[in-house]
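Here are my notes from going through the model you sent. I've kept them as numbered points so you can follow along in the viewer.

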Amino acid sequence: MALREGETSSSSVNDKPEQNSNRVIAIVFLALFIDLLGFALILPLFPSILDYYSRTQDGLYLSLQRGVDWFAVMVGMPPGRKYNSVLFGGLIGSMFSILQFFSSPLTGAVSDCWGRRPVILLTVMGLMASYALWAASRSFGVFLLSRIIGGISKGNVSLSTAVIADLHSPKARSKGMAMIGVAFSLGFTLGPVIGAYLAMEPEKGEIFYRRSALLALTFAVADLIFIFFLLPETLPKEKRVSSVTSGFQAAIDLLSPLALFQFSAVTRGKESPSEKNLQNLKMLGVVYFLYLFLFSGLEYTLSFLTHQRFQFSSMQQGKMFFFIGITMAAIQGGYARRIKPGNEIKAVKRAIMLLIPAFLLIGWAANVTLLSVGLLLYSFAAAIVIPCLSAVVSGYGSAGQKGRVMGILRSLGALARALGPILSATVYWLAGAEVCFTVCGAFFLIPFILLGSIKQQTKEE
C-alpha cells in the first residue's frame, strides 16, 4: 500500500514538469505562428512592390536597379528587365538574411544574461516598428528601412528555439522543435495567401500593400500582448551568465562565419563542452548550413521553373506553395513530433536521401504529375530535417549557453539563406533547370555523409 502511494506521489511529481513543458511549447507555438503569419504577408507582394517603385520612378530604387543591371551584364545573365528585377528582389531578401545572420547570435547571447522573455519582447517591438514603417512607406528608402529593422529584429525566432532548448526533458525538446516546424509551415502557408488577398482590390488612392502592412502590425501587437501575459521565463537567474560582456566575450565569436562554424562562443568559460561534443556541434553546424544552402536555392528557383516550363499563374503558384505548406505541417504535427529522442539523426539521414530523387524529379519533370510527386517528397523531407537537427543541437551546452548555441545555429541558417538563392539563381539561368537541380541533388550527399560521423549523445552534457 505504502509502495503504491509512493509510486502515485512520484508520478504526480514527474507529471508537473511535463505539464509545464507542454504549456511552454503551446505558448511558443502560438506566439511564433502569429509572428510568422505577419512576416509571410509580404512574400507574394515583393514583385508588385518592386514594380510599383519602378513605375513611380523612385530615385533610390532606380539607382540601385542600375547597379543590378551592371551586375547582370558582368556575370553574363540573359538580358531582360524581368530577370533583373527578380535578381534585385533576391538581393533584398539576402540583405534581410544577412541582418538576421548578425542579430541571431547577439540576441541569443543577451538572452543568456537577461533571460529569454525581456529580449523576445524587445525583438517583437522592433518588428512592430518595421511593420509600421512599411504601412507608412511611400518611398523605396522608407520601405528598405522597414526591411532593415525587420531583419535586425528577427532574432526572436532563434530565441523561441532557445526557450524550447531550456526545457529539461529531451522528449519535450524534440516535441517543441517539431511544433516550431509546424508553426513555420502554417505561417508560410496561410500568410502569403492572406497577404495576396488583401492586396487584390485596394480602395481608390490607397497603396495596394497598405492593408497587408497594417494586418502585419496588428499581428505583431497581438504577439506582444500574448507573450507579455502568457510566456514564462524559462532561464532561471542562477543559470544565467554573469554579464552581457561575458556572454559576448569577443564580437568575432558571434559575427565571424569562421568562428560561428567553430562554435567559438560556447567554448569560453568553465562550462565549455567536451572535445567530443564540440566536434559534434561543429559537424552539425556544417550539416545545417549545407542543407539550408541547397534547400533555399530550390525554394528560390522553384517558382521560376514552374512559370517557365508549365506557365503557372500566380494563383497556381499559390496553390503549389499551399500544398507544400500543408504537407509539411501534417508531417511535422504527425510524424516528426513522435520521433524518439536519440533517433533524430537517423530520421534526418532518411529525409536527406529523399531529397535527392525529389530534386531530380522536379528538375526534369516533363508534366505536372511528375512535378507533384517530386514536391511531395520534397515537402516530406523538408518537414523533418530542420526540427530534428535543432532538437539534436539543443541538447548541447549548459543551460546558460543554450541561447548562444541556438543563436549561432540560426545565424548559420541565415547565412545559408543569404548565399543559396543568389548562387542557385546564377546556375539556373546560365545552365538551365536540369543542371541546377541535378547538381543540388548530388551535393546533398555531402551532409548525408557528414552525419555518419556523428554519434548522437544519449545523455545531457
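**Notes on the model**

1. I'll begin with a side chain in the middle of the accessibility range: Arg 211 is partly exposed, at 29% relative accessible area. Its partner is Glu 206, and the two form a salt bridge in which the closest N and O atoms are 3.4 Å apart. Keep in mind throughout that this is a predicted model.

2. Now the overall picture. The protein has 19 helices and zero strands. There are 461 residues, and 54% of them count as buried. Looking at contacts with a separation of 6 or more, 82% are between residues 24 or more positions apart. The accessible surface comes to about 19,900 Å², and carbon and sulfur atoms contribute 67% of that.

3. The structure holds five salt bridges, and the one I'd look at on screen is Asp 35 with Lys 154, where the closest N and O atoms sit 2.6 Å apart. What does this pair tie together? Asp 35 belongs to helix α1 (residues 2–40) while Lys 154 is in the loop between α6 (140–153) and α7 (156–165), so the bridge joins parts that are 119 residues apart in sequence.

4. Are the two partners of that bridge buried or exposed? Asp 35 has a relative accessible area of 6%, so it is buried. Lys 154 counts as buried too, because its relative accessibility is 2%.

5. It's worth clicking on Asp 35 again to see what surrounds it. Leaving aside neighbours within four places in sequence, Asp 35 is in contact with Leu 127, Tyr 131, Lys 154, Asn 156, Val 157 and Asp 223. So the salt-bridge partner Lys 154 appears in that list alongside Leu 127, Tyr 131 and others.

6. Another charged spot: the side chains of Asp 112 and Arg 116 meet in a salt bridge at 2.7 Å, N to O. Both of these residues are buried. The story doesn't end with the pair, as Asp 112, Arg 116 and Asp 166 are linked in a network of salt bridges.

7. Which residue caps the N-terminal end of α8? That is Ser 169, with a side-chain oxygen 3.1 Å from the backbone nitrogen of Lys 171. Helix α8 itself covers residues 170–198, 29 residues in total. From first C-alpha to last, α8 reaches 42 Å, close to the 42 Å expected at 1.5 Å a residue.

8. One backbone angle caught my eye. Gln 57 has a phi near 55 degrees, which is positive although the residue is not glycine. For background, most residues other than glycine have a negative phi. Where is Gln 57 placed? You'll find Gln 57 in the loop between α2 (46–55) and α3 (59–74). With a relative accessible area of 55%, Gln 57 is exposed.

9. Last, the surface. Val 221, Ile 225, Phe 228, Phe 229 and Leu 230 form a nonpolar patch there, with about 470 Å² of accessible area together. Val 221, one of the patch residues, lies in helix α9 (residues 210–230). Val 221 is partly exposed, with a relative accessible area of 31%.

Note on methods. Residues are numbered from 1 along each chain as its sequence is written. This is a predicted model: local features need pLDDT of at least 70, side-chain atom pairs count only at pLDDT 80 or more; totals for chains, interfaces and linings use all residues. Side-chain values use heavy atoms; hydrogens and water are left out. Helices (H or I, at least four residues) and strands (E, at least two) are DSSP runs, numbered from the N terminus. Buried means under 20% relative accessible area, exposed over 50%, partly exposed in between (1.4 Å probe, protein chains only). Contact means heavy atoms within 4.5 Å. Accessible areas come from the Shrake-Rupley method with a 1.4 Å probe; for residues, only the protein chains shown count as cover. A salt bridge is a side-chain nitrogen of Lys or Arg within 4 Å of a carboxyl oxygen of Asp or Glu. The expected span of a helix is 1.5 Å times one less than its number of residues. A polar contact is a pair of N or O atoms within 3.5 Å; within protein, one must be able to donate a hydrogen and the other to accept it, and residues adjacent in sequence count only if both atoms are side-chain atoms. Patches are made of residues with over 30% relative accessible area and no salt bridge: like charges are joined within 9 Å, nonpolar side chains (Val, Leu, Ile, Met, Phe, Trp, Tyr) within 5 Å.
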